[in-house]
Structures are given as structure tokens and as C-alpha cells.
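Please open the model in a viewer and keep the sequence panel visible beside it. The stops below are arranged as a sequence of selections, each followed by a description of what is found there.

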Amino acid sequence: MRADAARNRDKIVEAARVAFRTRGYDAPLDDIAKAAGVGAGTLYRHFPTRESLVDAVMQAWVAQVNDTVGKVRAEGGTPRELLLRWFENYVQLISVHKGGPAKITSAMEDETSPIQTKCQALRAANAQIIEELGDGLRPGVDSLQFARLVGGIASVVDQGNLPAASVGPMLEVVVDGLLA
């Protein structure tokens, strides 16, 4: 890729990151192109679909998921503390962009979703926590259930414009229900 094309691509991704954070994933692509200082044609040459742009914005996010689960596991604590800390971090990870919790949670089982690799990263992180907890969890609990439960709470808070402080008490209920 030519240097000017790479700069344009980076400007588009950054403008999209800001737009998605403030306006949600449905932010108009023409507005993103304008904010990046490029034409719509340039945006579509780099990102032929909205999903390909969303995917580009989320690439750094996968590394953040892996770092976060490693830190949560390293901090240790009781099974309840570990699970609650992971769920709080999970909510933060999927709530970076308005509409993110619902988009990510609904894509968890959609093999054709362009953000499937991101969903897989979350499910793998959940699996690490499940492994860490071992027999401390109720039998039959899996990483997809984690994603649905926590994603559902994050979606309610995101869509309902509830205060961030309302997440903790809801997560505590879920944690207490999951522990053996």
C-alpha cells in the first residue's frame, strides 16, 4: 500500500473509532469519510462494507481482550472475586462503542459475522476464566453462556442509558448464580 493510501486508511479507522464510540455502529459512513478528510470513494475502496470498517476498528481490541483476561487471572482472589472482576472487565470491553454490547453479543453464534474473530476472542477469554475456576462453577456452564449473560446486562445498560454504576449489582446476581 502506498504511503498516502495507508495514511488515508489510518485516518478513516480513527474517524470511525470516534464516530462509533459517540454515535454507535450505525454512524453514517459519509460522515466518517468527511471527518477523516477523505471522499466517500476513498472510504469504500479501503472498506467496501460497514462490517469491514467495524472489523478494522476492532483489531486492536482483540489484543486488549487477551491482555485483560491475563491480568484478571494474575490478580487471583476468591472464585467470586475473580468472576466478578472478569465480568466487570468484560462489560467494559464490549461497551467501548455505543451499541457494541448488542452487536457483539448477537454475533456470538453467527459464523458469517465479520466480527466473528472478535467473538471468538471473547469466548476464548471466557474459557480461560472457566478453566481457572474449575469446580467452583455450577456444572454445565460454558463460555457462550458467559457471553450471553454478561452481554445481556451490558446491552440493557447501553440501550437504556443507565448509569454505569448499575452494572455491578446486576453482575453480582449473575456471579452468585453461576458459582457452585
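A residue is called buried here when its relative accessible area is under 20%, exposed when that area is over 50%, and partly exposed in between. The model is a predicted one.

**Stop 1: the whole chain**

Display the full protein as a cartoon. It has 9 helices and 0 strands, and the order of elements from the N terminus is α-α-α-α-α-α-α-α-α. Along the principal axes, the C-alpha atoms occupy a box of roughly 55 × 35 × 30 Å. Of the 180 residues in the protein, 44% are buried. Among contacts with a separation of 6 or more, 66% are accounted for by residues 24 or more positions apart.

**Stop 2: the aromatic rings of α5**

Select Trp86 and Tyr90 and show their side chains. Both residues are buried. They lie in helix α5, 4 residues apart, about one turn of the helix. A search of the whole structure finds 3 aromatic pairs. Trp86 and Tyr90 form one of them, an edge-to-face pair with 5.9 Å centre to centre and 80 degrees between the planes.

Add Phe87 and Phe146 to the selection. How are the planes of these two rings set to each other? Their centres are 5.0 Å apart and the planes stand at 85 degrees, so this pair is also edge-to-face. Phe87 belongs to helix α5 and Phe146 to helix α8, so the pair ties together parts that are 59 residues apart in sequence. Phe87 counts as buried because its relative accessibility is 0%; for Phe146, a relative accessibility of 0% likewise leads to the class buried.

**Stop 3: the nonpolar core**

Keep Phe87 visible and add Ile32 and Leu83. In the largest nonpolar core, which has 58 residues, these three touch the most other members. Two or more residues of this core come from each of α1 (3-23), α2 (29-36), α4, α5, α7 (116-133), α8 and α9.

Next, centre the view on Leu83. Which residues does Leu83 touch, not counting those up to four places away in sequence? They are Ile129, Leu133, Leu137, Phe146, Val175, Leu178 and Leu179. Phe146, the partner of Phe87 in the second aromatic pair described above, is therefore among the contacts of Leu83.

**Stop 4: the enclosed cavity**

Rolling a probe the size of a water molecule over the atoms shows where empty space is left. The structure holds 1 cavity of 30 Å³ or more, and the largest cavity has a volume of about 40 Å³. To locate it, select Tyr25, Met58, Trp61, Leu93, Ile94, Val96, His97 and Ile104, which line it. The elements giving two or more residues to this lining are α4 (50-75) and α5. By class, the lining has 7 nonpolar, 1 polar and no charged residues.

**Stop 5: the largest pocket**

Now select Glu88, Val91, Ser95, Ala154, Val157, Asp158, Ala164, Val167 and Gly168, the residues that line the largest pocket. The volume of this pocket is about 190 Å³. At least two lining residues are supplied by each of α5 (79-94), α8 (143-159) and α9 (167-178). Which element gives the largest share of the lining? That element is α8, with 3 residues. The lining of the pocket divides into 5 nonpolar, 2 polar and 2 charged residues.

**Stop 6: Asn161**

Move to the loop between α8 and α9, where Asn161 is found. The phi angle of Asn161 is near 50 degrees, a positive value in a residue other than glycine. Is Asn161 buried or exposed? Its relative accessible area is 62%, so Asn161 is exposed.

**Stop 7: Asp67**

Finally, select Asp67, which lies in helix α4. Its relative accessibility is 48%, so Asp67 counts as partly exposed. Add Asn8 and draw a line between the two C-alpha atoms: Asp67 and Asn8 are 59 residues apart in sequence and 29 Å apart in space.

Terms used: Residues numbered from 1 in each chain as written. Predicted model: local features only at pLDDT ≥ 70, side-chain atom pairs only at ≥ 80, totals over all residues. Heavy atoms only, no water. 1 Å grid on protein atoms, 1.4 Å probe; cavity = no way out; pocket = protein on both sides within 12 Å on 5 of 7 lines; lining within 4 Å. Points joined across faces, edges and corners; volume = space filled by probe spheres on them. Nonpolar A, V, L, I, M, F, W, Y, C, P; charged D, E, K, R; others polar. Core = buried A, V, L, I, M, F, W, Y, C linked by side-chain atoms within 4.5 Å. Buried < 20%, exposed > 50% of the residue type's maximum accessible area, 1.4 Å probe, protein only. Contact = heavy atoms within 4.5 Å. Phe/Tyr/Trp six-rings, centres within 6.5 Å; stacked < 30°, edge-to-face > 60°.
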